Amino acid sequence: MRLYVISALLIAFLAILFALQNTNLVTIELFVWQYQQSLALILLGTLAIGVIVGLLVSVPAVIRRNVRVSRLQKQTESLSQQVEERSQAVQTEAQNTTLVQQNHEELLRLLGVLDPMTGLIRQELMPKAIATQLAHHQKQTDKAQLPPISVLLFKALPVIEDGYPLSEMFAGVATILRQQGETNTWFYSDGQGRFAATNAGLDQKALTKYGEALQAAILESPPVLPSGKTMELDVSVGGAIAESAAAIDSDTLVQTAEQALDQALQRGRNRVRILQAS
């Protein structure tokens with residue numbers, strides 16, 4: 001702003017100086033009219049007319065730009081309102097989902113199917129749950145559209161035994177799995193470092209990535225004990241997938257996942273192994 005004021009004063013000073021130095025009269029003829037004015041006033045008037053014409057020429061572009069800016073501002077406000085409404089809807093849906101999950105957990109706790117240490121479903125109930133899911137899928141008329149059924153098994157143990165209660169570690173791992181798991185995943189625990197997950201709809205490649213993602217979540221953010229110490233863990237993952245739910249049973253699926261976990265443990269630390277169940 002100050003630079004503009006200084007520039008305007010400088011131009012005005014130069015214009016006054018030019019007018020004082022050019023006082024000679026000149027005659028201007030335009031059709032039948034004749035005018036006599038000083039050369040300085042003629043040139044300054046011509047300059048002023050040129051400025052006015054330039055402004056008039058630029059007015060349509062300025063108006064179009066203002067209209068465009070106004071339209072974009074309205075679109076931005078509309079989109080912002082839509083984003084806010086969607087965010088509120090997502091937040092409401094998340095709250096409803098959390099409430100439903102809490103109600104389900106409370107119901108499962110009352111039924112005595114949750115492991116008291118981890119809050120996950122007791123692992124001995126997993127074969128029956130898988131069998132129920134398979135029976136439901138096998139009732140479908142279009143067998144070709146049945147989603148793949150998969151099982152993931154996790155073995156989590158501390159790298160160094162230092163006398164801390166493992167129950168705290170197992171509860172922390174269960175919390176991480178619940179936070180990172182997909183909505184259609186059911187988690188199980190035996191309360192001794194063995195965790196399981198069942199899922200429908202993932203192919204073998206997607207199941208491998210899912211298992212690796214859950215493993216990475218545990219390894220990157222291991223449970224923190226009440227003392228503030230972070231425990232280093234070994235997490236091996238074995239999984240089994242049945243591409244055709246109509247040609248598999250729960251025992252075969254679980255046994256294949258057990259074999260995959262054994263192979264992962266034999267290969268070394270923090271390995272993932274997925275097998276096709278048949």
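From the N terminus on, the elements of this protein follow the order α-β-β-α-β-α-β-α-β-β-α-β-α-β. That makes 6 helices and 8 strands. The model is predicted. The notes below cover the whole protein, then helix H5, the salt bridges and a nonpolar surface patch.

**The protein as a whole**

- The protein has 278 residues, and 27% of them count as buried.
- About 18100 Å² of the protein is exposed, and carbon and sulfur atoms supply 58% of that area.
- Among contacts with a separation of 6 or more, 66% are between residues 24 or more positions apart.

**Helix H5**

- Helix H5 covers residues 204-220, which is 17 residues. At 1.5 Å a residue it should span 24 Å, and its end C-alpha atoms are indeed 24 Å apart, so the expected span and the model agree.
- The buried residues of H5 are Leu207, Tyr210, Gly211, Leu214, Gln215, Ala217 and Ile218.
- Seen down the axis of H5, these buried residues fall within an arc of 155°, so they line one face of the helix.
- An α-helix has 3.6 residues a turn, so residues three or four places apart point the same way.
- Lys205, Lys209 and Glu220 lie on the other side of H5 and are exposed.
- What do the buried residues of H5 pack against? Their partners are helix H4 (166-180) and the strands E4 (149-158), E5 (186-189), E6 (194-200), E7 (233-242) and E8 (272-276).

**Salt bridges**

- Side chains of opposite charge can pair when their charged atoms come close. The count for this protein is 3 salt bridges.
- In one of them, the side chains of Arg122 and Glu124 meet, with 2.6 Å from N to O. Glu124 is exposed, at a relative accessible area of 51%, because the cut-off for exposed is over 50%. Arg122 is partly exposed, at 26%.
- Arg194 forms another with Glu258, and the closest N and O atoms of this pair are 2.9 Å apart. Arg194 belongs to strand E6 and Glu258 to helix H6 (residues 250-267), so the pair ties together parts that are 64 residues apart in sequence.
- Is Arg194 buried or exposed? Arg194 is buried, with a relative accessible area of 17%, because buried means under 20%. Its partner Glu258 is partly exposed, with 28%.
- Asp234 and Arg269 also meet through their side chains in a salt bridge, at 2.6 Å from N to O. Asp234 lies in strand E7, while Arg269 lies in the loop between H6 and E8, so this pair ties together parts that are 35 residues apart in sequence.
- Asp234 counts as partly exposed at 21% relative accessibility. Arg269 is partly exposed too, with a relative accessible area of 46%.

**A nonpolar patch on the surface**

- Which residues form a nonpolar patch on the surface? They are Ile52, Leu56, Val59, Ile63 and Val67, and together they have about 450 Å² of accessible area.
- Ile52 lies in helix H2, which covers residues 39-111.
- Ile52 is partly exposed, with a relative accessible area of 48%. This value does not reach the exposed class, because exposed means over 50%.

How values were computed:
Residues numbered from 1 in each chain as written. Predicted model: local features only at pLDDT ≥ 70, side-chain atom pairs only at ≥ 80, totals over all residues. Heavy atoms only, no water. Patch = residues over 30% accessible without salt bridge, like charges linked within 9 Å, V, L, I, M, F, W, Y side chains within 5 Å. Areas by Shrake-Rupley, 256 points an atom, 1.4 Å probe, with all protein chains shown as cover. Salt bridge = Lys/Arg side-chain N within 4 Å of Asp/Glu carboxyl O. Helix = DSSP H or I, 4+ residues; strand = E, 2+ residues; numbered from the N terminus. Buried < 20%, exposed > 50% of the residue type's maximum accessible area, 1.4 Å probe, protein only. Contact = heavy atoms within 4.5 Å. Expected span 1.5 Å × (residues − 1). Arc of directions from axis to C-beta.
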